[in-house]
Amino acid sequence: MAFLANEELKKLLKTCISENKFSEDNLQNASYELTLGNEVYTNNDSVKTILYDEKPQFELKPGQFAILITDEIVKIPAEYIGFISLKFGFKFKGLVNISGFHVDPGFQGKLKFSVYNAGSKSIILEKGSPYFVLWISQLTSKLNKQQEYNGSHKNQSSITPDDIMKIQGDLLDRNTLKNLIDENATAIELNRIQRNGFWLNVRWISGIVIGLLLTLNIGIWLNKNKKDNALREEIKNTQAPKEIKNILANMNVDSVIRNEIDLDVAKKNADVGKNLDSILNQKIDSIIGIKFDEIRVNKDRSE
Ligand SMILES: O=c1ccn([C@H]2C[C@H](O)[C@@H](COP(=O)(O)OP(=O)(O)OP(=O)(O)O)O2)c(=O)[nH]1
């Protein structure tokens with residue numbers, strides 16, 4: 001068994017590459033370069049893509065699978081065997097040949113390649129460009145008719161629905177995974193920011209509410225204190241006996257609040273020329289009267 005060199009290869013392939021598609025230009029270093037046909041299928045698509053002269057290219061994104069098919073129909077006679085591969089230049093870009101590497105004696109048809117872009121960038125492929133390499137080796141003896149290839153790939157000429165169904169679907173390749181992780185990380189970050197914002201608002205609002213309540217309470221307390229002081233001042237200035245004044249001095253304004261209202265009424269109803277002191281005294285007198293009675297009752301009880 002020996003591999004055919006350029007001259008033998010040329011002689012053989014002139015008849016074994018059909019439709020006069022053989023070109024001497026494609027003979028390279030004891031191999032023949034096969035070109036990309038007009039069909040391609042990538043795993044994210046629902047159907048295959050037809051390439052034509054106006055739109056001869058397609059993009060194979062990182063992490064995508066594709067089925068490629070040669071333009072040439074190859075026939076391998078019964079005393080030969082073929083070996084196939086991708087050209088190094090495209091392998092170097094990350095294009096990996098997943099499919100097999102041999103062509104059986106007796107095979108006839110277009111060759112299909114299942115490829116994967118393992119690189120980090122998209123690979124652009126174009127109809128009619130030479131991406132595949134074919135070597136042919138001569139067997140030690142010719143196979144008989146029964147031994148020749150007669151399998152399911154005989155006379156394959158296009159990418160079939162069955163081929164498509166075998167690789168169809170989104171794959172969780174590293175780029176898809178990276179995108180998913182990035183999207184989730186962004187969603188989590190947004191969620192965190194929103195939650196922080198919410199609690200920040202809650203803190204701000206509670207701070208404001210607590211501040212307002214404190215201010216209100218302090219205001220009420222100050223007002224009450226002011227009133228207490230005013231009442232004490234009134235008591236100090238009134239004509240009541242000293243003993244009563246001393247008792248009243250320790251009283252809280254709350255305990256005389258009703259009288260305070262009476263004082264407002266008294267003030268309102270007072271004649272313009274009437275002395276305010278006498279009005280205040282009126283009120284204090286009424287307090288004194290009540291408290292004095294209470295004190296007396298309590299005193300009587302304790303005695
Ligand atoms: O990457 C490849 C490998 C093989 N072939 C063709 C040539 C080969 O002679 C034929 C059958 O190959 P193989 O016997 O490896 O495939 P199979 O799926 O086992 O075939 P079958 O169903 O005919 O037994 O398919 C391709 O088109 N592409």
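A residue counts as near the ligand if one of its heavy atoms lies within 4 Å of it. With that cut-off in mind, good morning, and please note that the structure above is a predicted model.

I shall begin with the ligand and its surroundings. In this model, 14 residues surround the ligand. The closest are Asp 104, Lys 112, Tyr 149, Ser 152 and Gln 156. By class, the shell divides into 5 nonpolar, 7 polar and 2 charged residues. Two strands, E9 (102–103) and E10 (108–117), each supply at least two residues of that shell.

Which side chains make polar contacts with the ligand's oxygen atoms? Let me name three. In the side chain of Asp 104, an N or O atom is 2.6 Å from an oxygen atom of the ligand. For Gln 156, the distance from a polar side-chain atom to a ligand oxygen is 2.8 Å. For His 153, the corresponding distance is 3.0 Å. As to coverage, the ligand taken alone exposes 580 Å², and the protein buries 68% of that area.

I turn now to the site itself. Where does the ligand sit? It occupies the largest pocket, whose volume is about 440 Å³. The lining of this pocket comprises 19 residues. Nearest the pocket's centre lie Ser 99, Gly 100, Lys 112, His 153 and Gln 156. The elements giving two or more residues to the lining are E9, E10 and helix H3 (161–167). Of these, E10 provides the largest share, with 4 residues. The lining divides into 9 nonpolar, 6 polar and 4 charged residues.

To close, I would draw attention to Gln 156, which is among the residues closest to the ligand, has a polar side-chain atom 2.8 Å from a ligand oxygen, and is one of the lining residues nearest the centre of the largest pocket. Thank you.

Note on methods. Residues numbered from 1 in each chain as written. Predicted model: local features only at pLDDT ≥ 70, side-chain atom pairs only at ≥ 80, totals over all residues. Heavy atoms only, no water. Polar contact = N/O pair within 3.5 Å; in protein donor to acceptor, adjacent residues only side chain to side chain. Areas by Shrake-Rupley, 256 points an atom, 1.4 Å probe, with all protein chains shown as cover. 1 Å grid on protein atoms, 1.4 Å probe; cavity = no way out; pocket = protein on both sides within 12 Å on 5 of 7 lines; lining within 4 Å. Sits in = over half its atoms within 2 Å of the grid points. Nonpolar A, V, L, I, M, F, W, Y, C, P; charged D, E, K, R; others polar. Points joined across faces, edges and corners; volume = space filled by probe spheres on them.
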